[in-house]
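Load the model in your viewer and set it to show secondary structure and side chains. The stops below go from a pocket to the helix packings around the chain, with a selection to make at each one.

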Amino acid sequence: MHIQLLDHHGDGAVPRVAAALAAAGHDAGAASGPDLVVLLTGEPAPTEGMARAAAAARVAHPGVPLLVAGRAAGLDPQAVRQAVGADGALPGNPVASIPWLADAYAADPEVLAADELGRIRPLFGRWDATAQRDAEREHAAVEEIAAEAAHRLGLSGPQPVGEGLEFVVFRAQSREAGAVALRVPRLPVSHYTGRPPYTTRQALEQERIIAAHLHARGLPVAEPLAVVPTATAPVLASRFLPGAGTVPASDRIGALLARLHQETPPPGIRPLDHDGWPIDVNIARRVTARWTWLAERVADLPELPPLERMLELLEPIAEQSRLLHLDVRGSNMAAAGDEVGGLFDWGCAMIGHPALELARVAENAELPENGLDIEALLAGYRKVAPLPEVDSAVEAVLRLDGVTMLCVVFGTGDVDHERLAMLVERARTLAKDVK
């Protein structure tokens, strides 16, 4: 893939992007006959200079797709796309996002179709409007869905054995496969404040892809057998893991996470929890949004830096592309003695820096019901791989991502005031380190 990089106050990113492209097998020196032109900018908003540079590129390379990458693309992609006259805006750290785009575009030119926000974004996480359902409908009759899925698979006796916010897990029996877990959705579409909706089908397909990828590499995950259509909603059938909901020794959990972070993610996957943004942009945006939500309910919260600064701060976490689970706690594991017999529920998975995983685990460990000993877990991690390191301010933002998520969980619906107060104080402390 031949790509021309145009530097418009790009904070010196062009040489680093060119090196990353070359390492991925692409040519970044294509001034004549490029397949793609990318305008890099470090400015937070579109300018006349950016528009002139884009217009000149259009004249020099008629018919060649033109994109804008850099800070403005992460702050307001639609505004920068329209002001500059580009085909789309590519958010995130350009050192990570542009090589991804080159690979994706070479495989599928349709990846350049901008979404409703003006973003060039991964197709896997794109909202499927044709699959939308009424979000206000009553919860599905999960027992009926489980019975239909079991019948289609020739299974007997499905019984509920666990549940979460979005799914109920049933255990059924197969003559050939033994015990089978059926992951049954409560609703065909999931809606969360501040996020685009996503369908059950998308969530179960993500679970299937990740579990199949990791099972083939010998990691203790539930082997997926099939995604089964029913009249109401799809169901994921997997081999049942005994010991579900029991917590392994924390040092073994740490060792498993280190091993997970050494594995290559499934090819092409961009998980739903990214909401269509690269991980650095997504974390900056969701921490900012949750902080605004919390400030509306809690007096005298300290201010966080503006989104522009948060994007700049988090750029380094995009330069590692590791599969992260991001919901490690007792209810999502199975123990086989002290060992990890299973790690499941990949609905919160993301692709990014392992430091985010350990920051989330550290905050989850503060809740006793999660059964985690963070010091033992980190010791187990160190036996397999060095602990990931980030700047202290970045670490504080990554921890705030977990704490603010928990604030929303315990601060909505049937509010747990005591737990929420504890989390708010934790958030105040972390916010002081974000500069």
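## Stop 1: the second largest pocket

The second largest pocket encloses about 920 Å³ of space. Bear in mind throughout that the coordinates are those of a predicted model. To centre the view, select Ala96, Trp100, Ile269, Arg270 and Ser321, which are the closest to the pocket's centre among the 41 residues that line the second largest pocket.

Next, colour the lining by class: 25 residues of the lining are nonpolar, 10 are polar and 6 are charged. Then colour by element. Which elements each supply at least two residues of this lining? They are α5, α9 (279–295) and β15 (350–352). The largest share comes from α5, with 8 residues.

## Stop 2: α1 against α5

Stay with α5, which is residues 94–107, and add helix α1, residues 14–23. The two helices pack at an angle of about 40°, and their axes are 9 Å apart. Angles from 0 to 180 degrees that are under 35 count as roughly parallel, and α1 and α5 are therefore oblique to each other. Their crossing is right-handed.

For the contact itself, select Arg16, Val17, Ala20 and Leu21 on the α1 side. On the α5 side, select Pro94, Val95, Ile98, Pro99 and Ala102. This α1–α5 contact holds 8 nonpolar residues, no polar ones and 1 charged residue.

## Stop 3: α2 against α4

Select helix α2 (residues 48–60) and helix α4 (residues 77–84). Are these two oblique or roughly antiparallel? Their axes come within 8 Å and cross at roughly 60°, and that angle makes α2 oblique to α4.

Show side chains for Met50, Ala51 and Ala54 of α2, together with Val80, Ala83 and Val84 of α4, which make the contact. By class, this contact of α2 with α4 has 6 nonpolar residues, no polar and no charged.

## Stop 4: α11 against α12

Move on to helix α11 (residues 354–364) and helix α12 (residues 374–382). Here the axes come within 10 Å and cross at roughly 155°. An angle over 145 degrees counts as roughly antiparallel, so α11 is roughly antiparallel to α12. The crossing of α11 and α12 is right-handed.

From α11, select Pro354, Leu358, Val361 and Ala362. From α12, the partners in the contact are Ile374, Leu377, Leu378 and Tyr381. The contact of α11 with α12 consists of 8 nonpolar residues, with no polar and no charged ones.

## Stop 5: Leu307

Finish at Leu307, which lies in helix α10 (residues 307–314). Which residues does Leu307 touch, not counting residues up to four places away in sequence? Display Leu75, Ala284, Arg285 and Thr288 to see them.

For a distance check, draw a line from Leu307 to Gly164, C-alpha to C-alpha: the two are 32 Å apart in space and 143 residues apart in sequence.

Notes: Residues are numbered from 1 along each chain as its sequence is written. This is a predicted model: local features need pLDDT of at least 70, side-chain atom pairs count only at pLDDT 80 or more; totals for chains, interfaces and linings use all residues. Side-chain values use heavy atoms; hydrogens and water are left out. Helices (H or I, at least four residues) and strands (E, at least two) are DSSP runs, numbered from the N terminus. Angles under 35 degrees count as roughly parallel, over 145 as roughly antiparallel, 65 to 115 as roughly perpendicular and the rest as oblique. A crossing is left-handed if the near helix is turned anticlockwise from the far one by less than a right angle, and right-handed if clockwise. Contact means heavy atoms within 4.5 Å. Ala, Val, Leu, Ile, Met, Phe, Trp, Tyr, Cys and Pro count as nonpolar, Asp, Glu, Lys and Arg as charged, and the others, Gly among them, as polar. On a 1 Å grid over the protein atoms alone, a cavity is a set of points where a 1.4 Å probe fits but cannot get out, and a pocket is an open set with protein on both sides within 12 Å along at least five of seven lines; lining residues have an atom within 4 Å of a point. Grid points are joined across faces, edges and corners, and a volume is the space filled by probe spheres set on the points.
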